[in-house]
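Welcome! Here is a short briefing to help you find your way around a structure that is new to you.

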Amino acid sequence: MTVAILLGAPGAGKGTQAPLLSASLGVPVLASGDLLRSEVAAGSEIGREVDAIMQSGELVPDEVMVRLFLARLGRDDALGGAILDGFPRTRPQAEALDAALAASGRHVDKALLIEVPIEDLIGRFAGRRICKAGGHVYNDWFKPPKVWGICDVDGSELIHRADDAEATVRARMEQQLGPLRDVADYYREQGILVAVNGLQPIEDVARDLLAALGWHAAPTG
Ligand code: AMP
């Protein structure tokens, strides 16, 4: 049983790594952003409350977030463990998570911090292009399409989203780094924070994250 928290700034690669960890460990990914977006899509009371906050890039109040996330963590599919992506984002959320896990005899095994220097993060976003039709994501440097400006999957045009412009990205990043440091410190104080070099190729980051959880791939050959 593994409860692991994936920490990293926007663009550090959490969204890429979470499914890889999930497949290796056989536990689900619980992503707070996805949970919130499904509430908004469903038009629920929480959804209506958080819609504008999410669009502004501010954090949803701890009390709302904790209630929603802990309810999800209590569902059957997460009883055998989970990868947490996007929660906790503040120290009070981390404390509420510890208390809830302790009440069911569980605990956070490791907090995994994917470290990428801020200038590299900004570069990652600034190079990002999205396809008009299906939202498929490319990057000028890291994942270029086969044909410049055209989506490999559906042939539609690739565009640069306005909110990926450098000034917006830098502001969003700085807004998020303070709370991220608080949460990383919280787990560092508990001795369960492991930092992994996020500048490595995807499969090497995945290998380091799994190794931090004590999971090693069977030798091949
Ligand atoms: P994400 O998909 O993780 O980037 O989250 C999208 C938005 O949801 C964030 O910009 C916040 O407004 C909100 N959000 C996600 N997770 C949390 C959290 N743990 N605490 C507060 N707000 C959150």
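The points below go from the whole protein to its ligand, and then to a few residues.

Please keep in mind that this is a predicted model. The protein has 221 residues, with 8 helices and 8 strands. It comes with a ligand, and 13 residues surround that ligand.

**The protein as a whole**

- Measured out along the principal axes, the box filled by the C-alpha atoms is roughly 55 × 50 × 30 Å.
- The radius of gyration is 18 Å, which agrees with the value near 17 Å that a compact globule of 221 residues would have.
- Of the 221 residues, 40% are buried.
- Looking at contacts with a separation of 6 or more, 69% of them are between residues 24 or more positions apart.
- About 11,400 Å² of the protein is exposed, and 55% of this area is supplied by carbon and sulfur atoms.

**Around the ligand**

- Among the 13 residues surrounding the ligand, the closest are Ser 32, Glu 58, Val 60, Gly 86 and Gln 93.
- Sorted by class, this shell holds 6 nonpolar, 4 polar and 3 charged residues.
- Helix α2, which spans residues 32-42, gives the largest share of the shell, with 4 residues.
- Oxygen atoms of the ligand have several polar partners in the protein. For Glu 58, the partner is a backbone N or O atom, 2.6 Å from an oxygen atom of the ligand.
- Arg 37 takes part through its side chain, with a polar atom 3.1 Å from an oxygen atom of the ligand.
- Arg 89 likewise places a polar side-chain atom 3.1 Å from a ligand oxygen atom.
- On its own, the ligand has 480 Å² of accessible area, and the protein covers 84% of that.

**Gln 93, one of the residues closest to the ligand**

- Gln 93 is part of helix α5, which runs over residues 91-103.
- Is Gln 93 buried or exposed? Its relative accessibility is 2%, so Gln 93 counts as buried.
- The side chain of Gln 93 has a polar contact of 3.0 Å with the side chain of Asp 62.
- That side chain of Gln 93 also reaches the backbone nitrogen of Arg 89, at 2.8 Å; Arg 89 is the residue with a polar side-chain atom 3.1 Å from a ligand oxygen.
- Apart from neighbours within four places in sequence, Gln 93 is in contact with Val 60, Asp 62, Met 65, Val 66, Phe 87 and Pro 88.

**The loop before helix α5**

- Thr 90 sits in the loop that links β3 (81-85) and α5 (91-103).
- With a relative accessible area of 14%, which is below the 20% limit for a buried residue, Thr 90 is buried.
- Which side chain makes a polar contact with the side chain of Thr 90? The partner is Asp 62, at 2.9 Å, and Asp 62 is also joined to Gln 93 by a side-chain polar contact.
- When residues up to four places away in sequence are not counted, Thr 90 touches Leu 59, Asp 62 and Val 183.
- Pro 88 has its place in the loop between β3 and α5 as well.
- The peptide bond leading from Phe 87 to Pro 88 is cis, and its omega is near -5°.
- As background, most peptide bonds are trans.

Methods:
Residues numbered from 1 in each chain as written. Predicted model: local features only at pLDDT ≥ 70, side-chain atom pairs only at ≥ 80, totals over all residues. Heavy atoms only, no water. Near = heavy atom within 4 Å. Polar contact = N/O pair within 3.5 Å; in protein donor to acceptor, adjacent residues only side chain to side chain. Areas by Shrake-Rupley, 256 points an atom, 1.4 Å probe, with all protein chains shown as cover. Helix = DSSP H or I, 4+ residues; strand = E, 2+ residues; numbered from the N terminus. Nonpolar A, V, L, I, M, F, W, Y, C, P; charged D, E, K, R; others polar. Rg over C-alpha atoms; globule rule 2.2 N^0.38 Å. Buried < 20%, exposed > 50% of the residue type's maximum accessible area, 1.4 Å probe, protein only. Contact = heavy atoms within 4.5 Å.
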